[in-house]
Amino acid sequence: MKAVSGKIKHIRTSPSSLSWSYSLAPLASRTNPRNPPSSTLLDEFINFCYRRDLPRAMKAMAAMERHGIYADAITYSELIKCCLARNAVEQGKLVHKHVFSNGYQPKTFLFNILIAMFVKFNLLEQAQALFDQMPERNVVSWTTIISAYVNAKLSDRALEFFVLMLRGGVLPNMYTFSSVLRACNGLVNLRQLHCGIIKVGLESDVFVRSALIDVYSKLDELKDAICVFNEMETKDLVVWNSIIGGLAQNSDGDEALNQFKRMKRAGFTADQATLTSVLRACTGLALLEVGRQVHVHVLKFDVDLILNNALLDMYCKSGSLEDAKSVFERMVYRDVISWSTMIAGLAQNGFSREALKFFDLMKASGMKPNYITILGVLFACSHAGLVDDGWYYFRSMKKLYGIDPGREHYGCIIDLLGRAGKLDEAVKLVQEMECEPDAVTWRTLLGACRVHRNVDLAIYAAKQVLKLDPGDAGTYVLLSNIYANSERWEDVSEIRRAMRDKGIKKAPGSSWIEVNKQIHAFILGDTAHPKINEINRRLNQLIHKLMGMGYVPDTNFVLQDLEGEQRDDSLRYHSEKLAIVFGLISLSTGSAIRIRKNLRICGDCHTFAKLVAKMDCRLIVIRDPIRYHHFQNGVCSCGDFW
DNA sequence: GTAGGGTTAG
């Protein structure tokens with residue numbers, strides 16, 4: 001009723017319902033030129049429209065049509081608002097038919113309203129047909145149709161209409177630009193649009209700016225996004241959310257959190273979108289404690305599905321599955337993303353059986369899995385070595401769920417076969433894949449060769465990786481180590497030369513640990529951390545103690561090592577060992593040590609972590625780029641299979 | 001009558 005009170009406040013002062021038609025008399029002047037001079041039917045119709053009485057208005061409309069009586073565009077727009085509010089699609093279509101009955105041609109305004117109605121009802125074809133039928137189109141007509149195509153993710157079509165609009169000499173406004181910006185599919189047309197915006201003097205509009213920030217960051221042009229953001233004198237919440245979201249989605253979690261602090265200092269209160277992005281930043285950095293703080297604020301928006309999904313993911317990716325499960329259980333609504341997040345989260349953390357149990361529960365609840373759900377399921381199978389189950393899900397996904405296996409699904413099965421030592425079958429699958437294998441596919445096979453020490457196949461797979469991804473430093477190092485191990489020194493120097501010529505350097509192994517909501521970073525053989533001397537002293541003592549318990553540092557890890565060429569002593573100072581020791585020094589007795597790494601963990605650090613977890617009776621969680629290791633009581637959740 | 005921000009994999 002909100003809209004009604006705005007429109008007819010002046011005629012609702014009388015409490016008597018009988019006075020309605022009398023009071024509405026001035027509105028009858030909103031008559032269509034086709035109408036007879038005065039009409040009770042029309043008065044009634046107008047009355048029902050403004051009272052949002054859809055059934056009676058529809059009846060009155062039918063009666064009017066029989067008598068050839070029509071209302072004005074404002075009245076029809078009220079009726080359409082009512083149809084939209086009730087999602088009354090059929091009634092909306094009847095209004096459209098009524099307006100055009102007896103060959104009447106409405107003005108642009110009413111055309112626009114009808115087009116907008118069809119768009120909101122998701123009837124794009126009808127909207128387009130009406131648009132085509134218009135004798136004259138203004139900026140609103142064009143913007144409505146462009147924005148409809150943008151929302152339908154038909155960017156090319158949206159851009160085509162934008163060009164047609166310009167050719168037709170219609171000047172775009174801020175509504176048009178905020179829509180069409182979202183259709184940008186490349187930097188070139190984004191820059192052109194940005195110039196156009198400046199030319200027509202719309203660059204200071206907040207809607208246009210937030211769209212610009214969003215599109216620049218989606219195209220990975222963060223510098224430009226930040227530039228647009230910094231130039232703004234007045235920012236609103238959405239603009240802040242755009243920049244925080246852009247940073248969080250581009251793996252710049254640190255900066256996203258910094259901007260979030262600035263936003264709060266500027267006096268803004270976070271809403272659902274802000275918190276979702278902040279959680280995503282925490283997820284990327286595995287900041288469990290900061291994430292927990294955010295959780296407190298999330299409670300205000302209890303039923304927000306997207307926000308709760310982001311919370312779930314944060315807990316999963318911080319290795320805290322118990323928290324994830326309790327959030328999941330408390331969620332009022334769950335969608336396919338909630339389920340997929342849990343399944344993938346459990347699988348990545350090494351709880352494959354539980355992941356598959358969740359998949360069964362999901363199906364039992366009637367939820368239909370999607371492409372990503374199946375990836376999580378296959379990931380669970382591959383990381384638990386469940387060959388038969390993996391094949392079953394892979395072979396039945398098309399039939400049971402109508403999902404065609406993609407490259408990533410093939411990758412999971414190649415991984416599964418490779419880990420299980422079935423390298424021949426894995427190679428066969430690569431050859432039979434319905435899609436072209438990419439660098440990731442070959443790297444998966446290479447990983448399996450590393451585990452099973454198949455030198456010839458490893459060399460072949462590494463060469464395929466380098467053909468498709470010539471800048472992959474890890475593969476160069478691995479290949480060089482394989483050659484070194486086979487004493488193929490000429491090949492070794494060729495690889496080194498290639499790396500030198502191409503300027504390829506391997507990123508040093510780094511680990512991060514959160515202590516008191518602060519992130520501490522360690523790199524291989526670190527000397528920069530303020531407590532490094534104490535860490536090294538404790539590390540040496542610890543290694544000595546562990547060796548007494550039977551620990552033998554594994555220095556022969558040529559086919560295993562992903563940290564690079566360092567051997568012997570440097571093995572001692574792998575970044576995760578430094579981070580573990582720092583955790584032992586800094587965290588209270590018994591509390592979990594959680595570490596995030598940029599490279600995959602090596603065999604020696606894996607053994608080390610198992611022993612430390614046992615000796616110190618605490619949980620150690622190490623997250624690498626692919627999966628998670630939960631070390632407890634001398635064993636790892638990955639079952640030494642990674 | 002037409003506009004901007006948030007979730008699962010890789």
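Is Gln-128 buried or exposed? I opened the notebook with that one. The model is predicted, and I kept that in mind throughout.

**Entry 1: Gln-128**

I looked up the relative accessible area of Gln-128 and found 9%. Gln-128 is buried, because buried means under 20%. Next I checked where Gln-128 sits, and its place is helix α8, residues 124-133. Then I set aside the neighbours within four places in sequence and listed the contacts of Gln-128. They are Ile-145, Tyr-149, Arg-157 and Phe-161.

**Entry 2: Two positive phi angles**

I turned to the backbone. Most residues other than glycine have a negative phi. I noted Arg-52, whose phi is near 55°. That is a positive value in a residue other than glycine. Arg-52 belongs to the loop between α3 (40-50) and α4 (54-67). Its relative accessible area is 15%, so Arg-52 is buried.

I noted Asn-87 as well. Asn-87 is not a glycine, yet its phi is positive, at about 50°. I found Asn-87 in the loop between α5 (73-85) and α6 (89-99). Here the relative accessible area is 53%, so Asn-87 is exposed.

**Entry 3: DNA strand B**

Which residues come nearest to DNA strand B? I counted 50 residues around the strand, and Asn-112, Arg-182, Asn-241, Arg-280 and Asn-309 come nearest. On the DNA side, sugar and phosphate make up 45% of the strand B atoms that come within 4 Å of the protein.

I then sorted the surface near DNA strand B by class. I got 16 nonpolar, 21 polar and 13 charged residues.

Three polar contacts went into the notebook:

- Asn-309 has a polar side-chain atom 2.3 Å from a base oxygen of DNA strand B.
- Lys-218 has a side-chain N or O atom 3.1 Å from a phosphate oxygen of DNA strand B.
- Met-174 uses a backbone N or O atom, which lies 3.5 Å from a base nitrogen of DNA strand B.

I also asked which elements build this surface. Those that give two or more residues are α7 (108-120), α9 (139-151), α11 (174-180), α13 (206-218), α15 (237-249), α17, α19 (305-317) and α21 (336-348). Helix α15 gives the most, with six residues.

**Entry 4: The second largest pocket**

Rolling a probe the size of a water molecule over the atoms shows where empty space is left. I looked up the second largest pocket, which holds about 500 Å³ of space. How many residues line this pocket? I found 21, and Phe-260, Lys-261, Lys-264, Val-290 and Gln-293 lie nearest its centre.

Four elements appear in my list of those giving two or more residues to the lining: α16 (253-265), α17 (272-285), α18 (288-298) and β2 (518-523). Helix α16 gives the most, with six residues. By class, the lining has 11 nonpolar, five polar and five charged residues.

**Entry 5: Asp-254**

I stayed with helix α16, where Asp-254 has its place. Asp-254 is partly exposed, because its relative accessible area of 44% falls between the cut-offs of 20% and 50%. I left aside its neighbours within four places in sequence and looked for contacts again. Asp-254 touches Leu-285 and Ile-519.

Last, I looked up the distance from Asp-254 to Ser-637. These two are 383 residues apart along the chain, and their C-alpha atoms are separated by 29 Å.

Note on methods:
Residues are numbered from 1 along each chain as its sequence is written. Chains are lettered from A and ligands numbered from 1 in the order in which they are written. This is a predicted model: local features need pLDDT of at least 70, side-chain atom pairs count only at pLDDT 80 or more; totals for chains, interfaces and linings use all residues. Side-chain values use heavy atoms; hydrogens and water are left out. On a 1 Å grid over the protein atoms alone, a cavity is a set of points where a 1.4 Å probe fits but cannot get out, and a pocket is an open set with protein on both sides within 12 Å along at least five of seven lines; lining residues have an atom within 4 Å of a point. Grid points are joined across faces, edges and corners, and a volume is the space filled by probe spheres set on the points. Ala, Val, Leu, Ile, Met, Phe, Trp, Tyr, Cys and Pro count as nonpolar, Asp, Glu, Lys and Arg as charged, and the others, Gly among them, as polar. A residue is near a molecule or strand if one of its heavy atoms lies within 4 Å of it. A polar contact is a pair of N or O atoms within 3.5 Å; within protein, one must be able to donate a hydrogen and the other to accept it, and residues adjacent in sequence count only if both atoms are side-chain atoms. Buried means under 20% relative accessible area, exposed over 50%, partly exposed in between (1.4 Å probe, protein chains only). Contact means heavy atoms within 4.5 Å.
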